[in-house]
Amino acid sequence: MSFTVVRGLQSEIFIPTVPPVFWTRVSKSLNEMVVALVTAGGVHLKSDKTFRLAGDSSYRRIPGDAKSDDLMVSHGGYDNTDVNKDINCMFPIDRIKELAKEGFIKGVASTHIGFMGGGGNIAAFTEITGPEIAGELVEQNVDAVLMTAG
Amino acid sequence: MQRAIEEAGIPTIIIAALPLVVRQSGAPRAVAPLVPMGANAGEPNNKEMQRAIVKDSLKNLVSIETPGGIVSLPYEYVAHV
């Protein structure tokens, strides 16, 4: 069997591409790690400014010792029913505190981060908000980040 | 976001309700319990499930050795809406 070869021929079928991976090797064991939570679920302090429900690329700081009752969600992209009943189902702040207390991890970061994912200005997230959040986490020397999103 | 944090030198893992979306976005590490979007860390007020998901997620942060690795977690919550 022989094949016809046409140079430069491109498929008309859209093939999704996966972006190149970023990867940081884990160098500590869990009981030596200070862990921060980052969520795209629109979580913030009740006393803080709510997110604009359609397209908001800002983020909110959430103190590591914040009480779950002091938190709320403003997010226009998913059903908030469950998270309104219990913030931990999207932002497991009480669970991570318990694991720190037990020594499963070394500690909880002094500041967690909430933003509103699910679309909006992707360029702003990629070029501005992402690096800003990453910078905050690097500054407070966290060893690992647990995210909820997607 | 996860990529930006990982690029800054902090290892990350994401708890995903939609693992295929997460794969498409190029997440470095992910776990996927059987949960709906909005209850990624487990059923509301089910401390035991949330705790198990958070604990297993952190264990997978250490054990996943392949960039882009997604591990299914054996917890299921179906929201009745």
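**View 1. A:Glu98, partly exposed at 26% relative accessibility, and its salt bridge with A:Arg95.** The term partly exposed covers the range between buried (under 20% relative accessible area) and exposed (over 50%), computed with a 1.4 Å probe on the protein chains only. This is a predicted model, in which local features need pLDDT of at least 70 and side-chain atom pairs count only at pLDDT 80 or more, whereas totals for chains, interfaces and linings use all residues. Residues are numbered from 1 along each chain as its sequence is written, chains are lettered from A and ligands numbered from 1 in the order in which they are written, and side-chain values use heavy atoms, with hydrogens and water left out. The side chains of A:Arg95 and A:Glu98 meet at 3.0 Å, N to O, in a salt bridge, that is, a side-chain nitrogen of Lys or Arg within 4 Å of a carboxyl oxygen of Asp or Glu. Both residues belong to helix 2 (residues 93-102) of chain A, where they are three residues apart, about one turn of the helix. Helices (H or I, at least four residues) and strands (E, at least two) are DSSP runs numbered from the N terminus. An α-helix has 3.6 residues a turn, so residues three or four places apart point the same way. Unlike its partly exposed partner, A:Arg95 is buried, with a relative accessible area of 3%.

**View 2. Helix 2 of chain A crossing helix 3 (residues 47-63) of chain B.** The two axes come within 10 Å and cross at roughly 65°, which makes the helices roughly perpendicular to each other. Axes here are lines fitted to C-alpha atoms, for helices over the stretch in contact, and angles run from 0 to 180 degrees between N-to-C directions; under 35 degrees counts as roughly parallel, over 145 as roughly antiparallel, 65 to 115 as roughly perpendicular and the rest as oblique. Among the residues of helix 2 that meet helix 3 of chain B are A:Arg95, A:Ile96 and A:Leu99, and the chain B residues that they and others in helix 2 meet include B:Val54 and B:Leu58, where contact means heavy atoms within 4.5 Å.

**View 3. A salt bridge between A:Asp143 and A:Lys28.** The closest N and O atoms of this pair are 2.8 Å apart. A:Asp143 lies in the loop between helix 3 (122-139) and strand 7 (144-148) of chain A, and A:Lys28 in the segment before strand 1 (34-39), so the pair ties together parts that are 115 residues apart in sequence. A:Asp143 is buried at 16% relative accessibility, while A:Lys28 is partly exposed at 35%.

**View 4. A salt bridge within chain B, between B:Glu6 and B:Arg29.** The side chains of these two residues meet at 3.1 Å, N to O. B:Glu6 lies in helix 1 (residues 2-7) and B:Arg29 in strand 2 (residues 29-34) of chain B, so the pair ties together parts that are 23 residues apart in sequence. Both residues are buried.

**View 5. The surroundings of A:Val43, in strand 2 (residues 43-45) of chain A.** At 0% relative accessibility, A:Val43 counts as buried. Leaving aside neighbours within four places in sequence, A:Val43 is in contact with several residues, including A:Phe51, A:Leu71, A:Ile87 and A:Phe91.
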